[in-house]
Amino acid sequence: MPMPLSDLLILNPSDNVGVVVVEGPIKIGHKVALRALSAGAPVIKFGHVIGVATREIAAGEHVHTHNLRMPSAEQILGDHTNDETAATGGLRWTGLPTTFRGYARADGSVGVRNYVLVVASVNCSATVVKAVCRQFLGRDLSARGIDGVVPVCNAAGCAQAIGGEYHGLLNRTLAGWVFHPNVVGAVIIGLGCEGTTHRSILHAKETMGLVRDIPLDAFSIQQVGGTAQAIAAGVERVERLVEDLPVFERQTLPVSHLGIALNCGGSDAFSSLTANPALGLTSDMLVANGAMVALAEIPECHGAEDLLYRRAASPTVRENLDRVFAWWRDYATRQNVSLNDNLAPGNLEGGISTIVEKSLGAVTKGGTSPLTQVVDYAEPITAKGFTLMNTPGFDPVSVTGLVAGGCQLVAFTTGRGSVYGCAIAPTVKIATRTALFDRMRGDMDVDAGRVLSSGSTAPVAEDIYRLLVDVASGRKTCSETLGLGWEEFSPWPVGETL
């Protein structure tokens, strides 16, 4: 018996599949054919091709990987080369806060937290760095306005060609974190014979044009005489640095100073129905108030490139989109993989059948505002409005790059239940379903499942906006309360290891 239409969500009048929203023989979040489809027919969701039927599909039949395949590039995109239609934006929202309580820095940047970092320039010093930071666990530094002492460790730092792609990217990422607006001081610890050092990090800072200065100390384990001596020296130098810092006080500042990293992880079919569209509306609200929002995860834009091209604010932006997407096509070819391989088992179980379907939902996080800038991984984001950063889809790598680019906050949607939290940028996690929010209440900050129960995106979008402003003003997220983030610094491991 065909499934009642009341049990399905139809997202666009041109769709030939609906999404199951009532538990039954077909899982919630999965797709059902609204009418009979012949073999080779396009499968349409969101008014966009997401796949091709591999055989005849009867009306009411479950549509998933057993009877659907990836469409060709021509079927996905058509011809966007002459499409000069950019998004117009221009929406205005009333009744939303336009200020927050943050920290104005001397260079003109603005922070929402005050962290002291202990940085491993190379993996060989990571154990010492974490041992130093453990000495500060439980110490209340809030009277001085300091939020904590956290480690930044990486899996590399040596065995890369000095000046090569990998070496440059790692140093750029480290510099972006060390001189981030949410960081007020740092101690960099190396082994003593590595290729990435505090000097190479400072060189990357200069190359990137970062002008922010903070109290900075550096030494190596070999220099001070070994592991025990390095731990003691690290603790002493952090204590001295903290003692010399001023007492930080918040002040009222415009929301236009905020930069929000947009990310999703552990997606399900409801990511594109609830959390991502709500966050997209929040993004438009932020941009309307002069803020910056940054989308990334380029493999999860595959198949939705046309939506980004239509929003490009200038020919330069379109050229940079061409460059980034061409790089990924070449990369997939060289690695002998398909971008469709980006789908995780949890995505498939949740009802997503192709990367195109996932991408159409992922891109909605960026709202509808014009695309003002495309930047490479961990490069400084200099434009207000909507930006795209070239990153992989893997969440820790993607967010690491976005934070290095200057984002002070992270808005993170999840349908399966990601527990990601960034050490220096408060992470607001947005659950796609009320059941997930209730089951993982200690990790989730927002219940976007209310979009389905209320039939409206706007109230959830406004709640996300207000929460981001509150978090920027000092309210702790779930991941901050749990103390997450020590292991999540994860620069993109592109390039050679020798």
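This report looks at helix packing, one aromatic pair and the confidence of a predicted model.

Residues are numbered from 1 along each chain as its sequence is written, and side-chain values use heavy atoms, with hydrogens and water left out. Because this is a predicted model, local features need pLDDT of at least 70 and side-chain atom pairs count only at pLDDT 80 or more, while totals for chains, interfaces and linings use all residues.

**Confidence**

The chain has an average pLDDT (the predictor's confidence in each residue, from 0 to 100) of 92, and 96% of the residues score at least 70. Over residues 79–90 the pLDDT falls below 50, and this stretch has 22 contacts (heavy atoms within 4.5 Å) beyond near neighbours in sequence.

**Helix packing**

Two packed helices are described by the angle between their axes and the distance between the axes. Here axes are lines fitted to C-alpha atoms, for helices over the stretch in contact, and angles run from 0 to 180 degrees between N-to-C directions. Helices (H or I, at least four residues) and strands (E, at least two) are DSSP runs, numbered from the N terminus.

| Helix pair | Angle | Axis distance |
|---|---|---|
| Helix 7 (271–288), helix 15 (458–472) | roughly 55° | within 8 Å |
| Helix 3 (165–178), helix 4 (198–208) | about 80° | 8 Å |
| Helix 3, helix 12 (395–404) | roughly 60° | within 8 Å |

At its angle of about 80°, helix 3 is roughly perpendicular to helix 4 (65 to 115 degrees; under 35 is roughly parallel, over 145 roughly antiparallel and the rest oblique). In this contact, helix 3 brings His167, Asn171, Arg172, Leu174, Ala175 and Gly176 against Ser200, Ile201, Ala204, Lys205 and Met208 of helix 4. These residues divide into 5 nonpolar (Ala, Val, Leu, Ile, Met, Phe, Trp, Tyr, Cys and Pro), 2 charged (Asp, Glu, Lys and Arg) and 4 polar (the others, Gly among them).

Helix 3 also meets helix 12, and the two are oblique to each other. Their crossing is left-handed (the near helix is turned anticlockwise from the far one by less than a right angle; clockwise is right-handed). Thr173, Gly176 and Trp177 of helix 3 touch Thr400, Val403 and Ala404 of helix 12, giving 3 nonpolar, 3 polar and no charged residues.

Helix 7 passes helix 15 in a right-handed crossing. Their contact has 11 nonpolar, 1 polar and 1 charged residues.

**An aromatic pair**

The model has 10 aromatic pairs (rings of Phe, Tyr and Trp, its six-membered ring, with centres within 6.5 Å). One of them joins Tyr103 and Phe248 at 6.5 Å centre to centre, with 85° between the planes, an edge-to-face arrangement (over 60 degrees; under 30 is stacked, the rest tilted). Tyr103 sits in strand 8 and Phe248 in the loop between helix 6 and strand 14, 145 residues apart.
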